[in-house]
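Here's a short tour of some local geometry worth a look before you set anything up. Open the structure and follow along.

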Amino acid sequence: MVEEESLRVVRCGGSELNFRRAVFSADSKYVFCVSGDFIKVYSTATEECVHILQGHRNMVTGIQLNPKNHLQLYSCSFDGMIKLWDYTDGILIKTFIVGCKLHALFTLDCAEDSVFVTINKEKPDVFQLVSVKLPKSSSQEVEAKELSFVLDYINQSPKCIAFGNEGEYVAAVRDFYLSVYFFKKKTTSRFTLSSSRNKKHAKNNFTCVACHPKEDCIATGHRDGKIRLWRNFDDEKKYTYTCLHWHHDLVMDLAFSVTGATIEHISVSPAGDLFCTSHSDNKMIIIHRNLEASAVIQGLVKDRNIFTGLMIDPRTKALVLNGKPGHLQFYSLQSDKQLYNLDIIQQEYINDYGLIQIELTKAAFGCYGNWLATVEQRQEKETELELQMKLWTYNKKTQGFVLNTKVNMPHEDHITALCFCNAEKSENPTLVTTSKDGHFKVWILTDDSDIYKKAVGWTCDFVGSYHKYQATNCCFSEDGSLLAVSFEEIVTIWDSDTWELKCTFCQRAGKIRHLCFGRLTCSKYLLGATENGILCCWNLLSCALEWSAKLNVRVMEPDPNSENIAAISQSSMGSDLFVFRPSEPRPLYIQKNISREEVQWGVFVPRDVPESFTSEAYQWLNRSQFYFLTKSQSLLTFSTQSPEEKLTPTSKQLLAEETLPTTPFYFILGKHRQEQQDDKLNEALENELVQLPLTENIPAISELLHTPAHVLPSASFLCSMFVNSLLLSKETKSAEEIPDDVSMEEEKESVDSDEENNFTEEVQDTNNTDLGKDIIHQLSKSEEKELRKFRKVDYSWITAL
């Protein structure tokens, strides 16, 4: 049963990995990066996310290693809190409540129990660098209200602040100013660059700063692509700088290493053997010092425009949307990583700002993931429209989509919508497209075989129109018997068997923006949202308006597993969520201001395991989870504390430990916790493995693991003792638990071999002397017979190691 806590909006999988610089662990085994409300811990060797540190209630804005303990990590957030983590176990150690919004975090070795943060208290665009005293306390939550001012009028980006020469000074840049604060002298030096004195339209404003770790040298990057190296900056009159010009565009970031890559952030491991570059497409690359890439961590790609909207792949349950130019990206919300990219346009992308490119504008899945339809277009002039529709079929051998049919100019104007008929009873796959040319077209799959091969292809079966109005939306009913097509302000209903026009709905409330049928018990209703802010519900049985409401709907998505429909409206205060059923206008759930910016897309994702919310207001989340995408391409969802803990438990072990095979050595070396195993796991172990005893208290194993290697006896002696310690006694099982026929058969087998009888006696003697009073479980005769084979194995080869 899920605890009834308040439902809140959280940043989920797909958040930006390049929002802040990545941070390496002291041993370079892990790299940390902020991702929405969480901190992700990646393995630099395997690229796998081994931990997700969660606890902040708003976007994480900074992470730094604890200079006093390199196994701990500090983080800060917009929620006004600084948290200390044990990243090896994924455990939150302590929370420091500062109170004000924190924009960046810095730590110093020489700073005693203090960290540095960036805050803004007065004007929205004026930021300060302050020192925060972290008080010592045994409680897990501590207030940290002691702030000390360091620098004023700085940039909020952490790339514009750097500490140099082992913490003797801090440098900050903003606009055309460089400020250097010296901690010992408590003085500030300021340097100004002119924007237009030396050269017309010069762009000298600062973009980033870096300090040499041991020398008095400051490097600054500038918008005109120049890098300046500053020296003697402790004297405002004697300072010097060297100007280097390698880049044709602005300098995004600086580090005292040479990588040669165009990037947004650079991070260097403490040992200097690894670099991490964060790229604008939400990707991080781990690079060795020989400039070879060792790992690539790809997050949700942020495209310029999400034309396709949010879709769910019926096969992989992955989130599908526009990716890098000309591609569809398949993103796993469960593992929070990109599965793969599907190249739709199949042309080389030219990175030129003024060039008009081919855009992937529409996509839809059909027939339970067997078919994928895509639309791409390019229009340089108003009369020069290039339009192409492609139908892709899923290939089981290659486990991917293969191009089946290509249709050039399927319509004479832009395609506004496309949808498949996904009814279970549908015999022939059907696709419908609508266009501004005033037509909707029905495409069906036909036999395209010839004398050379058997094949199928798509062809146009029917063309419909309504008084030359532009066709804007289309959708099939749940059973596939009806097709709804909107023509500007009018909704038309068509019979999918005969393509006969059955009825029309017209409220004259503006052009139809969204259209969808009800599902399950509400399948007799049709919903339409207009551009004038009216939501209409029509009854298909009575062909009349059931109800209407004044709501400026920007997103309307039906839940495939229930009758619920989610609608997101836009107001001057932000975006609001309404969850309702078409059968009644009263909403089941309302949450105001789910986002301050405009929400552009939404989608329901079916849950693998249903939730069990008892509150009527939250039951719409039991079967599916709702995700929505904002204008800035932040992917958000609704959650409570309990589901979050279930998704990323703090007791989660490192991935390498969790994938250990379930062998005898796993039970010895692995962190085996019997109380955490469920009944299904226990049954699986009993069927697949020999049930071994708890090995924590067995003296033979304890001595083997805890005795120094140089004083242990030979390996040949230890091997026999170790194998004998794994054998189990048969005395604990009563005769009543063994069937008579099995007992007689096993008794007959037990007297077949004198060698086997002798071996059994030796085992019993060993158990009596070595194991003492330890709890021992019994093996069956057949299992004991399998273990006897180990006794005959020659272990003498171990002595040669």
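## A buried glutamine in a loop

This is a predicted model, so treat what follows as computed from predicted coordinates. Let's start with glutamine 633, which sits in the loop between β52 (624-630) and β53 (635-639). Its phi is near 65 degrees, a positive value in a residue other than glycine. Is glutamine 633 buried or exposed? Its relative accessibility is 10%, and since the cut-off for buried is under 20%, glutamine 633 counts as buried.

Glutamine 399 also has a positive phi, near 55 degrees, and again the residue isn't a glycine. Look for glutamine 399 in the loop that links β33 (385-395) to β34 (400-408). As background, most residues other than glycine have a negative phi.

## A hairpin with a cysteine in the turn

Next up are β45 and β46, which make a hairpin with four residues between them. Strand β45 covers residues 534-539 and strand β46 covers residues 544-550; the two pair in the antiparallel sense over six bridges. If you want a spot to check the register, leucine 535 stands opposite alanine 549 in β46.

The turn has its own positive phi: cysteine 543 comes in at about 55 degrees.

## A four-stranded open sheet

How are β27, β28, β29 and β30 ordered in their sheet? The order is β27-β28-β29-β30, the sheet is open, and the pairing is antiparallel. At the edges you'll find β27 (311-312) and β30 (337-343), each pairing on one side only.

Inside that order, strand β28 (residues 319-322) and strand β29 (residues 327-332) pair in the antiparallel sense over four bridges. Valine 320 has its bridge partner in β29, namely phenylalanine 330.

## Around asparagine 322

Asparagine 322 is part of strand β28. With a relative accessible area of just 3%, asparagine 322 is buried. Setting aside residues up to four places away in sequence, asparagine 322 touches several residues, including Val301, Asp303, Asn305 and Ile306. Also among them are Phe307, His327 and Leu360. The C-alpha atoms of asparagine 322 and phenylalanine 307 are 7.0 Å apart, with the two positions 15 residues apart along the chain counted as their separation.

Which backbone oxygen lies 3.1 Å from a polar atom of the asparagine 322 side chain? That oxygen belongs to leucine 360. One step along the chain is threonine 361, found in strand β31 (residues 359-366). Threonine 361 is buried, with a relative accessible area of 10%. Leaving aside neighbours within four places in sequence, threonine 361 is in contact with Phe307, Thr308, Val375, Glu376 and Gln377. Phe307 and Thr308 also turn up among the residues that asparagine 322 touches.

## Cysteines

How many disulfides are there? The count comes to zero, going by a cut-off of 2.5 Å between cysteine sulfur atoms.

The cysteines sit in varied surroundings. Cysteine 76 is buried, with a relative accessible area of 0%, whereas cysteine 110 is partly exposed at 45%. Cysteine 211 is in strand β19 (residues 206-211) and counts as buried, at 11% relative accessibility. Cysteine 211 and glutamate 166 are 45 residues apart in sequence, yet their C-alpha atoms are 9.8 Å apart in space.

Key: Residues numbered from 1 in each chain as written. Predicted model: local features only at pLDDT ≥ 70, side-chain atom pairs only at ≥ 80, totals over all residues. Heavy atoms only, no water. Buried < 20%, exposed > 50% of the residue type's maximum accessible area, 1.4 Å probe, protein only. Pairing = 2+ DSSP bridges. Contact = heavy atoms within 4.5 Å. Polar contact = N/O pair within 3.5 Å; in protein donor to acceptor, adjacent residues only side chain to side chain.
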